[in-house]
Amino acid sequence: MSPWVRHRSGSVVAAVALVLLVAGCGADDEPTASATPPSSTAATPTPTPSAQPSPTKSSEPAPAVPAVLEFTGRTVDGASFRGSSVAGKPVVLWFWAPWCAVCRSQAPEVESLVSTYGDDLAVIGIGSLDSGNAIRGFADDVRGPVHLSDPDGALWKRFRISQQSSFVVLDASGKEVLRTGYNDDDALASTVEKLVG
């Protein structure tokens, strides 16, 4: 083979290699930005309806907080509690003392209110007239209500409570609809049923 033919063949091979390299064909399998032209009809995946973020809670305005629920306290576990957190629903406030036998006898009825009405009713037990440890011990035996520890009686004074066991029932607007002592359990049940049922 003559040197001229060899030179010409080498030029052709080099030209073909250059064209392949520019066109994106080569040993490298990685796609390049120019591998798919902008006018390509390649399908772009579109999100399905199930892939869309689901809407969060409705944008309903928060209920107005009545003055009667503008209080704070501590749960028997030491967490802070705001009365405003139950605004917009009927509320049963149960004022008890850990050594009170009548209070203990009312525990099943209070637990029943919680299990019957669930999130449609707020039931808050407010223990006082004893130490924080005694209040917590009683609360541990009564499941369902939020129990606040009020050993100094601040919440009892705020709600003008003078005896255990007492109930104060508020409607969803915060209006007091019942104040009863330990001897009127039927009034408690029927009042709550009217408010929630």
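**View 1. An open sheet of five strands, in the order S5-S4-S3-S6-S7.** This is a predicted model, and its sheet has mixed pairing. Look for the edges first: strand S5 and strand S7 (176–180) each pair on one side only. Averaged over the sheet and with direction ignored, neighbouring strands are turned by 15 degrees against each other. As background, strands of a sheet pair through backbone hydrogen bonds, either parallel or antiparallel.

**View 2. Strands S6 and S7 run antiparallel.** Here we zoom in on one pair from the sheet. Strand S6 (residues 166–170) is joined to S7 by four bridges. If you want one to find for yourself, start at Val168, whose bridge partner in S7 is Arg179.

**View 3. Helix H2 packs on the sheet.** H2 touches S3, S4 and S6, and its direction makes about 165 degrees with that of S3.

**View 4. Helix H3 keeps its buried residues on the same side.** Which residues of H3 (residues 132–140) are buried? They are Ile135, Phe138 and Ala139. Around the axis they cover an arc of only 100 degrees, so they end up on the same side of H3. The general rule helps here: an α-helix has 3.6 residues a turn, so residues three or four places apart point the same way. Covering the buried residues of H3 are, among others, strand S3 (91–96), helix H2 (101–117), strand S4 (122–127) and strand S5 (146–149).

**View 5. Thr191 sits in helix H5 (residues 185–196).** Is Thr191 buried or exposed? Its relative accessibility is 15%, so Thr191 counts as buried, the cut-off being under 20%. Beyond its neighbours within four places in sequence, Thr191 is in contact with Val169, Val177 and Leu178.

**View 6. The largest nonpolar core has 23 residues.** Those with the most contacts inside this core include Trp94, Trp96, Leu113 and Val192. S3, H2, H3, S6 and H5 each give two or more residues to the core, and H2 gives the most, with five. There's also a second, separate core of 18 residues, with Leu93, Leu148, Trp156 and Ile161 among them.

**View 7. Two stretches have pLDDT under 50: residues 2–9 and residues 11–56.** For residues 2–9 the model has one contact beyond four places in sequence, and for residues 11–56 it has two. Across the chain, the mean pLDDT is 79, and 68% of the residues reach 70 or more. Where pLDDT is low, the predicted coordinates should not be read in detail.

Methods:
Residues numbered from 1 in each chain as written. Predicted model: local features only at pLDDT ≥ 70, side-chain atom pairs only at ≥ 80, totals over all residues. Heavy atoms only, no water. pLDDT = per-residue confidence, 0-100. Contact = heavy atoms within 4.5 Å. Buried < 20%, exposed > 50% of the residue type's maximum accessible area, 1.4 Å probe, protein only. Arc of directions from axis to C-beta. Pairing = 2+ DSSP bridges. Axes fitted to C-alpha atoms, helices over the stretch in contact; angles between N-to-C directions. Core = buried A, V, L, I, M, F, W, Y, C linked by side-chain atoms within 4.5 Å.
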